[in-house]
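Work through the exercises below with the model open. Each task is followed by a stepwise solution.

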Amino acid sequence: MARPLDKLFYDTTQAARVSWFFGQKLLAARLTKPMEVPERLKGRAMPDRRRILGDLRKLLEQDWRNIAAGLYAAPEDWRSNPLEGLIRAVDFFADLGAVDARRHGARSERRLNAPEAERYPAYYRQNFHFQSDGYLSAASAERYDHQVEVLFGGGAAAMRRQALVPLREALLEHKGGVRSARVLDIACGTGLFLAEVKRNYPRLAVTGVDLSEPYLAVAKRRLAAWSRVTLIEANAETLPIADASVDIVTSIYLFHELPRRARQAVAAEIRRVLKPGGRFIYVDSLQTGDEPEYDAMLDWFPVAFHEPYYASYLREDLSRLFDTGFRQVARAPAYFSKVLSWQRNDS
């Protein structure tokens with residue numbers, strides 16, 4: 001049972017967190033050159049800062065309600081080393097000039113042309129978000145989580161935590177209990193979501209799959225304190241996982257970074273590896289029409305942050321993508337994201 005002091009502590013730490021990251025977001029906007037708005041977006045209304053902060057506040061209120069109800073543990077943001085946070089911020093702003101130059105540079109600068117990138121799928125060889133080295137360097141892996149929190153004004157961690165709600169429901173329904181369940185997180189990145197999963201369910205067996213060796217190295221370090229963790233460098237289009245061997249599959253912000261063909265391949269792989277009755281939990285960006293007042297901002301996002309497959313993602317019919325072998329069981333908004341849950345059909 002949460003105590004009044006727990007709520008005060010949560011509110012205080014989250015307010016400080018939002019101030020820290022949203023402040024960096026505003027400063028970064030002042031330090032970089034604005035991009036020219038495409039003709040098709042001119043005159044379209046964007047949500048203002050008041051609306052965005054109001055929706056972020058709603059996310060944090062939901063986050064607290066989940067914590068108070070015992071659905072998952074409170075975050076440990078307060079345990080972060082302030083000096084480490086400052087170092088991350090300095091590194092973020094030190095790299096900002098290169099990011100901005102890439103944003104306004106030639107289109108060829110948005111792709112990775114290094115020889116070591118050739119072994120990856122063509123769609124993966126991108127400087128996503130205009131970030132230096134795409135997903136293929138240790139520096140990028142160390143910088144990425146901070147970049148994402150700045151982008152979402154301190155709301156990224158709370159959005160990810162919303163996936164713990166359907167995860168808990170799936171584990172409660174699992175007949176063998178937590179210890180016998182197997183969770184697969186595809187495109188696990190630096191392991192932030194898996195760390196939250198293990199904090200809440202330390203005996204749960206989890207496997208993380210990602211294409212980036214440097215990002216998996218960060219995940220390995222982050223998850224080193226827990227047992228029953230497996231990390232695999234692999235493409236989600238061809239998962240090295242046996243048929244019908246996984247109880248729960250999670251995907252956190254993967255599908256908007258895939259071209260349509262790859263989305264279809266990954267969806268088929270999820271169907272293949274899930275056991276009958278297993279659960280697929282999905283967190284990703286809002287799509288067109290989910291929150292109409294955000295539609296113009298969603299259309300602007302791939303222009304401002306180099307998300308080459310995002311425009312097609314906005315139009316992707318997820319119900320059709322998962323119409324074979326799945327039944328949708330849950331849906332919830334989460335600030336700029338949404339949380340969906342499907343159950344694998346028994347047949």
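Helices here are DSSP runs of H or I with at least four residues, numbered from the N terminus. By that count, Q24 lies in helix α1, residues 4-31. Keep in mind that this is a predicted model.

**Exercise 1. Decide whether Q24 is buried or exposed, and list what Q24 touches.**

Step 1. Take the cut-off: buried means under 20% relative accessible area.
Step 2. Q24 has 5% relative accessibility, so Q24 counts as buried.
Step 3. Look for contacts, leaving out residues up to four places away in sequence. Q24 touches A89, F92, F93, H146 and V150.

**Exercise 2. Describe the protein as a whole: which elements does it have, and how compact is it?**

Step 1. Count the elements: 12 helices and seven strands.
Step 2. Compare the radius of gyration with the globule rule. The radius is 20 Å, close to the 20 Å that the rule gives for 347 residues, so the protein is as compact as a globular protein of that length.
Step 3. Check the extent. Along the principal axes, the C-alpha atoms fill a box of roughly 55 × 50 × 40 Å.
Step 4. Turn to burial: 54% of the 347 residues count as buried.
Step 5. Look at the surface. The protein exposes about 16,400 Å², and carbon and sulfur atoms supply 55% of it.
Step 6. Consider contacts with a separation of 6 or more. Residues 24 or more positions apart account for 75% of them.

**Exercise 3. Trace the sheet: what is the strand order, and which strands stand at the edges?**

Step 1. Read across the sheet. The order is β3-β2-β1-β4-β5-β7-β6. The sheet is open, and its pairing is mixed.
Step 2. Find the strands with a single partner. These are β3 (229-233) and β6 (326-334), so one side of each is left without a neighbour in the sheet.
Step 3. Get the twist: the average is 15° from one strand to the next.
Step 4. Zoom in on one pair. β4 (residues 246-252) and β5 (residues 274-285) run parallel, joined by six bridges. I252 has V283 of β5 as its bridge partner.
Step 5. Add the helix that packs on the sheet. Helix α9 (residues 260-273) touches β1 (182-186), β4, β5, β6 and β7 (337-344). The direction of α9 makes about 145° with that of β5.

**Exercise 4. Sort three salt bridges by where their partners lie in the chain.**

Step 1. Recall the principle: side chains of opposite charge can pair when their charged atoms come close.
Step 2. Start with D299 and R44, whose closest N and O atoms are 2.7 Å apart. D299 is in helix α10 (residues 295-305), while R44 is in the loop between α1 and α2 (49-68). They are 255 residues apart, so the pair links distant parts of the chain. 
Step 3. Check R44: at a relative accessible area of 34%, R44 is partly exposed.
Step 4. Move to E142 and R221, which meet at 3.1 Å, N to O. E142 lies in helix α4 (residues 138-151) and R221 in helix α8 (residues 213-222), so the pair ties together parts that are 79 residues apart in sequence. E142 is partly exposed at 26%, whereas R221 is exposed at 51%.
Step 5. Finish with E269 and R272, at 2.8 Å, N to O. Both lie in helix α9, three residues apart, about one turn of the helix. E269 is buried at 11%, and R272 is partly exposed at 25%.

**Exercise 5. How many salt bridges are there, and which residues are linked in a network?**

Step 1. Apply the cut-off, a side-chain nitrogen of Lys or Arg within 4 Å of a carboxyl oxygen of Asp or Glu. The count comes to 29 salt bridges.
Step 2. Follow the links: R51, D55, K58, E291 and E293 form a network of salt bridges.

Methods
Residues are numbered from 1 along each chain as its sequence is written. This is a predicted model: local features need pLDDT of at least 70, side-chain atom pairs count only at pLDDT 80 or more; totals for chains, interfaces and linings use all residues. Side-chain values use heavy atoms; hydrogens and water are left out. Two strands pair if DSSP finds at least two bridges between them. Helices (H or I, at least four residues) and strands (E, at least two) are DSSP runs, numbered from the N terminus. Axes are lines fitted to C-alpha atoms, for helices over the stretch in contact, and angles run from 0 to 180 degrees between N-to-C directions. Contact means heavy atoms within 4.5 Å. Buried means under 20% relative accessible area, exposed over 50%, partly exposed in between (1.4 Å probe, protein chains only). The radius of gyration is taken over C-alpha atoms; the globule rule is 2.2 Å times the number of residues to the power 0.38. Accessible areas come from the Shrake-Rupley method with a 1.4 Å probe; for residues, only the protein chains shown count as cover.
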